[in-house]
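Hi,

Here is the structure I promised to pass on. Have a look at it first, and then read on for what turned up.

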Amino acid sequence: MTKPIFVLNGPNLNHLGTREPEIYGTTTLAQIEQMCRVAAGDHPLRFHQSNAEHEIIGWIHEAIDDGAGIIVNAAAYTFTSLSILDALKMFQGPIIELHISNIHRREAHYQHSFISKAATAVIVGLGAKGYPAAVAAILELIDRHHR
């Protein structure tokens with residue numbers, strides 16, 4: 001059985017589409033999930049969002065046992081959570097850190113990512129289209145990882 005890709009989304013991303021559309025666009029998280037599923041094709045995908053740090057960590061723990069790769073937009077936890085970093089460091093497969101906006105062009109508190117320390121790659125600033133790009137990239141990384 002093929003192990004799934006985990007796509008993990010952090011706090012406030014459940015309000016995409018209406019939350020600061022000038023920064024995050026008007027695409028909803030449900031639309032993003034559909035984009036990811038199309039990009040994944042036949043590869044299984046687990047798509048989650050939580051405003052709770054412990055729940056995101058729980059999904060990372062599930063991925064440690066059952067996942068092929070992780071795409072993570074930890075949102076604000078990117079800049080604050082050593083716990084998520086520690087969980088990601090235990091994952092043996094590829095990890096893509098994803099941000100809808102270009103965090104490097106934003107305020108200083110958005111420019112230091114703890115998640116990057118565990119990430120194989122980082123995608124920033126592509127808007128919602130960053131998600132299917134991340135799925136395509138992680139499929140390639142998974143393929144390379146298993147050679």
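One cut-off before anything else: a residue is called buried when its relative accessible area is under 20%, exposed when it is over 50%, and partly exposed in between. Please also keep in mind that this is a predicted model.

With that cut-off, N12 counts as partly exposed, because its relative accessibility is 38%. You will find N12 in the loop between strand 1 and helix 1 (21-24). The backbone there is worth a look: phi of N12 is near 75 degrees, a positive value although the residue is not glycine. For context, most residues other than glycine have a negative phi. E20 lies in the loop between strand 1 and helix 1, and phi of E20 is positive too, near 35 degrees, again in a residue other than glycine. E20 has a relative accessible area of 36%, so E20 is partly exposed.

Now the sheet. What is the order of its five strands? The order is 2-1-3-4-5, in an open sheet with parallel pairing. At the edges sit strand 2 (45-49) and strand 5 (121-124), each of which pairs on one side only. On average, neighbouring strands are turned by 15 degrees against each other, ignoring direction.

Two helices to look at against this sheet are helix 3 and helix 5. Helix 3 (residues 53-66) packs on the sheet and touches strand 1 (5-9), strand 2 and strand 3, and its direction makes about 170 degrees with that of strand 1. Helix 5 (residues 130-145) packs on the sheet as well, touching strand 1, strand 2, strand 3, strand 4 and strand 5. The direction of helix 5 makes about 155 degrees with that of strand 3.

Strand 3 deserves a closer look. Five of its five residues are buried, and both of its faces are covered: G69, I71 and N73 are buried on one side, I70 and V72 on the other. That split is easier to read if you recall that side chains in a regular strand alternate between the two faces of the sheet.

Strand 3 has partners on each hand. Strand 1 and strand 3 pair in the parallel sense over five bridges, and F6 stands opposite I70 of strand 3. Strand 3 (residues 69-73) is also joined by three bridges to strand 4 (residues 95-99), and these two run parallel. In strand 4, I95 is the bridge partner of I70. To get from strand 3 to strand 4 the chain passes through helix 4, in a right-handed β-α-β crossover. One more pair from the same two strands: I71 has I96 of strand 4 as its bridge partner.

I96 is a good residue to click on. This strand 4 residue has a relative accessible area of 1%, which is why I96 counts as buried. Leaving aside neighbours within four places in sequence, I96 is in contact with I70, I71, V72, A121, I123, A134, A137, I138 and L141. Its C-alpha atom is 8.2 Å from that of G69, and the two residues are 27 apart in sequence.

N9 is another one to try. N9 lies in strand 1 and is buried, because its relative accessible area is 0%. Its contacts, not counting neighbours within four places in sequence, are L29, F47, H48, Q49, S50, I56, N73 and Y131.

How do helix 3 and helix 4 pack? Helix 3 and helix 4 (residues 82-89) pack at an angle of about 5 degrees, with 9 Å between their axes. That angle is why helix 3 is described as roughly parallel to helix 4. On the helix 3 side the contact is made by E53, I56, I57, I60, H61 and I64, and on the helix 4 side by S83, I84, A87 and L88. By type, these residues divide into seven nonpolar, two polar and one charged.

Finally, L85. This residue is found in helix 4 and has a relative accessible area of 8%, so L85 is buried. Beyond residues up to four places away in sequence, L85 touches F114, I115, K117 and A118. The C-alpha atoms of L85 and K117 are separated by 7.4 Å, although the two are 32 residues apart along the chain.

Cheers

Methods
Residues are numbered from 1 along each chain as its sequence is written. This is a predicted model: local features need pLDDT of at least 70, side-chain atom pairs count only at pLDDT 80 or more; totals for chains, interfaces and linings use all residues. Side-chain values use heavy atoms; hydrogens and water are left out. Two strands pair if DSSP finds at least two bridges between them. Helices (H or I, at least four residues) and strands (E, at least two) are DSSP runs, numbered from the N terminus. Axes are lines fitted to C-alpha atoms, for helices over the stretch in contact, and angles run from 0 to 180 degrees between N-to-C directions. Contact means heavy atoms within 4.5 Å. Angles under 35 degrees count as roughly parallel, over 145 as roughly antiparallel, 65 to 115 as roughly perpendicular and the rest as oblique. Ala, Val, Leu, Ile, Met, Phe, Trp, Tyr, Cys and Pro count as nonpolar, Asp, Glu, Lys and Arg as charged, and the others, Gly among them, as polar. Buried means under 20% relative accessible area, exposed over 50%, partly exposed in between (1.4 Å probe, protein chains only). A crossover is right-handed if, with the strands pointing away from the viewer, the path from the first strand over the helix to the second runs clockwise.
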